[in-house]
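I opened this entry to keep a record of what I looked up in one model. The notes go from the whole chain to single residues.

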Amino acid sequence: MRPPARERQPRGEPASPATRLLAVGLLLCIAAGLLSAVAGGLLRAGVPLARAGAPDWLGQAAVQHAALMICAFMGTVIAVERAVAVKLAMAWLAPAASALAGPALLLGHAAVGGGLLVLSGAAFVAVNVVVVQRQSEPHTWLLLASAVAWFAGNSLFAAGLAPAAVVPWWFGFLVMTIAAERLEMTRLMRRRRAALPALVGLLALLAAGAAGSAADPVAGGVLYGVALLGLSAWLLSFDIARRTLFTQGLSRYMAVCLLSGYAWLAVGGVAWAATATGAPWRDAALHALGLGFVFSMMMGHAPVILPAVAGVKLLFGWPFYLPLALLHGSLLVRLGLRAFDAGWLPRGAELNAAAIALFAFTAIGAVFAWRRKHALAPRRARPPAPAAAGGGGSPAARRPQLPARGAGGGKDA
């Protein structure tokens, strides 16, 4: 809950130029991580971005697509959110290291990038230990488990293991983080006694599948897929989104994002298990989970997270549904129509990228819309000055008087 406006007015010392420079640098690294990951994903899907004389970083973006998207972008964003929450200077080591890993990987310095990711994962584990010490609750322990999963994946990546051993841990980090946040929200409704043990069991199964994928990809992959499918069923059964779907405004939008994401989580679980047994569904397993599930969660939570983390406010409206619809429609093109014609894969990937870009522009537009609305509001609501005593005098005396310069006028508190 935000404090009253009169308590928020003292803002302390303004940020120093060095702090602002570091913040800009972090933001640029996050944007570079996302843009390069999208470019690399398009290349891997067969979109002809690279031509003769293409820069070397574009080829590295294709090779390091998963590391850039999950670690340099998503991991950094999650680490920033946690650093803002704990309010400790050392907490910023995690997002700073993962953000810098992106440029290192793009420049071909895989060892440096891997080392930075290990440092980031270790720092992130330490931050979540602090979170548990401050509030020992089931959801904070799950957040700590998700941090350990990220550290494990980063360590395996730095050691040079194959993606089959690394990627399950990275996705486990994202899935556990989301599950922990949704578990926290179930406190707003009556939770069934079996809900928490079932969730812990499913996430333990997920971790076992990730650990087993290196030694036995078939058994580990099937276990991992079954855990994802079970988690989808748990979320659809116990999440409060089933109720908020019938509300209005932002609450309904978030519910649509969540419930549609849970459906893609089920698709990802089935595809993951099928891929482990030899079916050609790897693209469906990775992108039903990464785009359909994780990006749906990001789109749903962004209007709430951005004001808390970045200090900007968004004016929510129906345009937010457009990138969400494009995301799900593009996934149906990519994963559904591709079964009939492989040529739909690059077209679907292009639409995936368009959905991400459209959401970014929608969020930026919502920031400016909020500022415009609240900049005009004080002018419309400004009351006329009281008439002179006795109501007489010249017309100039009865004219509304402007407030004195610096007398608190014009800015929404």
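**Whole chain**

I began with burial: of the 413 residues in the chain, buried ones make up 43%. I note here that the model is a predicted one.

Next I looked up secondary structure and got 16 helices and 0 strands for the chain.

I then took the accessible surface. It comes to about 21000 Å² for the chain, and carbon and sulfur atoms account for 67% of that.

For contacts in the chain I took pairs at least 6 apart in sequence; 70% of these join residues at least 24 apart.

**Cysteines**

How many disulfides does the structure hold? I found 0.

I looked up two cysteines for burial. Cys 29 has a relative accessibility of 16%, so I entered it as buried, the cut-off being under 20%. Cys 71 is at 0% relative accessibility and therefore also counts as buried.

**Leu 28**

I placed Leu 28 in helix α2, which covers residues 17-44.

Is Leu 28 buried or exposed? I read 55% relative accessibility, so Leu 28 counts as exposed; the cut-off for that class is over 50%.

I also checked a distance from this residue. Leu 28 and Ala 99 are separated by 71 residues in sequence, and their C-alpha atoms are 8.9 Å apart in space.

**Pro 307**

Pro 307 sits in helix α13, residues 282-310.

Its relative accessibility is 29%, and I therefore logged Pro 307 as partly exposed. That class lies between the 20% and 50% limits.

Which residues does Pro 307 contact, leaving aside neighbours within four places in sequence? I listed Ala 302, Val 312, Lys 313 and Leu 314.

I took one C-alpha to C-alpha distance here as well: Pro 307 to Val 367 is 9.6 Å in space, with the two positions 60 residues apart in sequence numbering.

**Ser 330**

I found Ser 330 in helix α14, which runs over residues 321-336.

Why did I enter Ser 330 as buried? Ser 330 has a relative accessible area of 0%, so it counts as buried.

With neighbours within four places in sequence set aside, I have Ser 330 in contact with Gly 348, Leu 351 and Asn 352.

**Recap**

My entries on single residues put Leu 28 as exposed, Pro 307 as partly exposed and Ser 330 as buried. For the cysteines I keep Cys 29 as buried, Cys 71 as buried, and a disulfide count of 0 for the structure.

Technical notes:
Residues are numbered from 1 along each chain as its sequence is written. This is a predicted model: local features need pLDDT of at least 70, side-chain atom pairs count only at pLDDT 80 or more; totals for chains, interfaces and linings use all residues. Side-chain values use heavy atoms; hydrogens and water are left out. Helices (H or I, at least four residues) and strands (E, at least two) are DSSP runs, numbered from the N terminus. Buried means under 20% relative accessible area, exposed over 50%, partly exposed in between (1.4 Å probe, protein chains only). Contact means heavy atoms within 4.5 Å. Accessible areas come from the Shrake-Rupley method with a 1.4 Å probe; for residues, only the protein chains shown count as cover. A disulfide is a pair of cysteine sulfur atoms within 2.5 Å.
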